[in-house]
Amino acid sequence: MVTKTSTATNAINVFIADPLSEDGIFPLRQETELNLNVIVDTGLTQDQLISKIEDVDVLLVRSQTKVTREIIQAAKNLKLIGRAGVGVDNIDLTAATEHGIIVVNAPDGNTNSAAEHTIAMMTSLARHIPQAYNALKNGIWDRKSYVGVELKGKTLGVIGFGRIGVEVAYRAKGQRMEVLAYDPFLTEERAEKLGVKKASVEEICVAADFITVHTPLLPDTKNLLNKEKFAMMKDGVRIINCARGGIINEDDLYDAIVSGKVAGAALDVFVEEPATDNKLLTLPQVIATPHLGASTVEAQESVAVDVSNDIIKFFKTGTVTNPVNMPSIPKELLAQVEPFFELAEKLGAFLSQVTEEAIKEVNISYAGEVANYDVRPLTSNGLKGLLKKNHGDHVNDVNARYLSERVGIKINEHKTTTAKGFTNLITVEIKTKNEVHSVAGTLLNGLGARIVKVENYVVDVVPNGHLLYIKNTDKPGAIGRVATKLAEKDINIATMQVGRDQVGGTAVMMLTIDNEVTDEDLIYVGQLENIDEVKAITL
């Protein structure tokens with residue numbers, strides 16, 4: 001299908017490559033201040049799209065079209081790629097960024113639909129609705145086989161308490177369920193405000209009657225629910241996944257259902273899709289839908305409207321609301337602070353790996369010459385590093401502040417021209433309920449980024465690769481014992497920095513090592529005399 005609204009040569013060409021509702025792109029069609037030439041041409045192969053994209057200014061897609069590097073390279077005028085949806089897996093973000101193309105998405109448009117689908121799946125699971133309907137459709141009137149359970153009074157565990165998780169909790173409370181919630185950034189204060197109880201994943205596994213997952217798929221969340229977690233659960237627990245395939249280990253879930261530990265599962269997503277041959281679908285205790293969480297008229301319209309409005313905003317103001325890959329600020333400001341981007345992100349990433357508690361407050365201080373710049377992009381990069389461990393590639397230097405504030409993190413910026421011996425110094429401090437951690441870094445002429453302070457201990461560490469951060473009592477032989485222990489595990493030390501507050505007091509070691517260490521290695525080193533804490537950091 002091909003339609004156009006304008007053919008003027010000076011028009012802004014908006015190419016829509018996937019089917020979108022007319023209501024969704026209505027903002028583009030009714031825009032009068034801009035000369036938008038809206039072209040709808042769907043179902044194209046990659047080669048066909050490449051042949052048509054040279055003069056396109058905006059490419060708007062859903063999930064069908066794969067926006068590859070080859071397509072981006074062929075688009076000589078492309079300024080913006082819009083994804084009418086949340087994920088951007090079908091867009092080569094690296095190539096887009098390299099070519100200076102902003103990518104925008106619609107992170108909020110399908111929240112309601114996904115939450116409603118989760119509740120629908122949970123209710124259907126509890127009352128055996130699909131199974132009972134299927135029996136009746138086949139001429140079997142069977143009431144005894146499909147006795148269900150009520151939701152009222154049951155405990156729902158929500159693992160992942162972002163936009164969708166919160167909406168699911170609201171609806172579950174309307175069903176008079178008790179809600180336990182886990183999220184790395186959920187504080188007790190915010191949980192209380194939302195009317196839920198903060199819990200760990202393990203606590204949810206032990207206490208919940210129903211468990212629903214709403215996390216992104218990351219290395220830390222892949223197979224988050226596995227045979228070890230199922231073993232902790234109540235007999236007869238019910239599992240719901242309307243988030244991402246792979247968060248639940250499908251083989252382990254199958255075994256848990258067959259054994260009777262899990263009474264049933266409601267699945268909208270799978271590791272491999274289409275999932276027509278998935279063995280879970282052979283079990284009568286499993287109900288499933290083909291990835292329909294965002295498949296409502298309203299959601300599809302909403303995401304298209306959000307992206308359409310962002311396209312208009314971009315060409316009117318030069319900024320966008322939901323950028324994915326790059327900051328929406330003037331280039332001259334970026335040039336001033338861009339050398340500090342990586343340093344700020346590494347400082348945030350460092351702190352994300354030294355605490356397991358929910359972060360309540362972030363203080364970022366800029367000292368020296370850098371304090372004279374617009375440091376908002378640096379703060380965003382620091383927050384990106386801080387959040388990326390748990391949010392993955394969804395977080396970037398533009399949406400990092402929004403994501404931080406959404407989970408209740410208070411953000412403070414401080415500036416001073418006094419850098420205490422450094423030309424520039426960036427210090428990032430985080431506060432949790434029980435802990436305060438800080439790290440500071442600078443750029444050394446000709447040498448690049450350096451971490452120069454950890455918890456106010458002076459060090460000189462290149463923020464790259466695998467690090468070991470060790471707190472210990474300043475006693476003779478501590479360094480030698482650590483080196484010996486690591487050697488026993490065949491872990492080679494590349495560099496070592498030591499800092500202390502006073503003789504015989506608390507000290508820190510910062511080791512650059514050649515190998516990534518295991519949890520077992522950390523426990524092994526932590527058993528040494530006078531060693532208080534051992535953390536593995538990867539930057």
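# A tour of the predicted model

Select N456, which is exposed, with a relative accessible area of 64%. N456 sits in the loop that links strand 18 (448-454) to strand 19 (457-461). The structure on screen is a predicted model. For a sense of scale, measure from here to C242 in your viewer: N456 and C242 are 214 residues apart in sequence, and their C-alpha atoms are 44 Å apart in space.

**Stop 1: the cysteines**

Go to C242, which at 11% relative accessibility counts as buried. Then add C205, which is buried too, with a relative accessible area of 0%. A disulfide is a covalent bond between the sulfur atoms of two cysteines. How many disulfides does the structure hold? It holds zero. The cysteine sulfur closest to that of C205 is in C242, and at 18 Å it is too far away for a bond. Seen from C242, the closest cysteine sulfur is the one in C205, again at 18 Å and too far for a bond.

**Stop 2: the seven-stranded sheet**

Colour strands 7 to 13. They make an open sheet of seven strands with parallel pairing, in the order 9-8-7-10-11-12-13. Which strands stand at the edges? Strand 9 (197-198) and strand 13 (286-288) do; each has a single partner strand, so one side of each has no neighbour in the sheet.

Now select residues 155-159, strand 7, together with residues 210-213, strand 10. Four bridges pair these two strands in the parallel sense. One residue pair to look for is G157 with its bridge partner in strand 10, I211.

Next, show helix 5 (residues 111-127). This helix lies across strand 7, strand 10, strand 11 (237-241), strand 12 (262-267) and strand 13. Its direction is at about 150° to that of strand 11.

**Stop 3: T221**

Follow the chain out of strand 10 to T221, in the loop between that strand and helix 10 (227-232). Is T221 buried or exposed? At 10% relative accessibility, T221 counts as buried. Show its side chain and look for two polar contacts. The T221 side chain reaches the backbone oxygen of P216 at 2.7 Å. A polar atom of the T221 side chain also lies 2.7 Å from the backbone nitrogen of L218. Setting aside neighbours within four places in sequence, the residues in contact with T221 are T215, P216, G246 and I247.

**Stop 4: strand 3**

Select residues 36-41, which form strand 3. Six of its six residues are buried, so the strand is largely enclosed by the rest of the structure. In a regular strand the side chains alternate between the two faces of the sheet. Turn on the side chains here: L36, V38 and V40 point one way, while N37, I39 and D41 point the other way. Beside strand 3, find strand 2 (residues 12-16), which runs parallel and is joined to strand 3 by five bridges. In one of these pairings, I12 has L36 as its bridge partner.

**Stop 5: helix 12**

Select residues 297-317. This is helix 12, with 21 residues. From first C-alpha to last it reaches 30 Å, close to the 30 Å expected at 1.5 Å a residue. An α-helix has 3.6 residues a turn, so residues three or four places apart point the same way. Highlight the buried residues of helix 12: A299, V303, A304, V307, S308, D310, I311, I312 and F314. Just after the helix comes G318, with a positive phi of about 80°.

**Stop 6: strand 22 and its partners**

Select strand 22 (residues 506-513), which is mostly covered, with seven of its eight residues buried. Strand 20 (residues 466-473) pairs with strand 22 in the antiparallel sense over eight bridges; L468, for example, has L511 as its bridge partner. Strand 21 (residues 493-500) also runs antiparallel to strand 22 and is joined to it by seven bridges. There, the bridge partner of V498 is M509. Strands 21 and 22 form a hairpin with five residues between them. In the turn, G504 has a positive phi of about 80°.

**Last stop: D474**

Finish at D474, in the loop between strand 20 and helix 17 (478-488). D474 is buried, with a relative accessible area of 18%, which is under the 20% cut-off. Which side chain makes a polar contact of 2.8 Å with that of D474? The side chain of R500 does. Neighbours within four places in sequence aside, D474 is in contact with R500, Q502, V503, G504, G505 and A507. G504, in this list, is the turn residue of the hairpin with the positive phi.

Terms used:
Residues numbered from 1 in each chain as written. Predicted model: local features only at pLDDT ≥ 70, side-chain atom pairs only at ≥ 80, totals over all residues. Heavy atoms only, no water. Buried < 20%, exposed > 50% of the residue type's maximum accessible area, 1.4 Å probe, protein only. Pairing = 2+ DSSP bridges. Contact = heavy atoms within 4.5 Å. Axes fitted to C-alpha atoms, helices over the stretch in contact; angles between N-to-C directions. Polar contact = N/O pair within 3.5 Å; in protein donor to acceptor, adjacent residues only side chain to side chain. Disulfide = S-S within 2.5 Å. Expected span 1.5 Å × (residues − 1).
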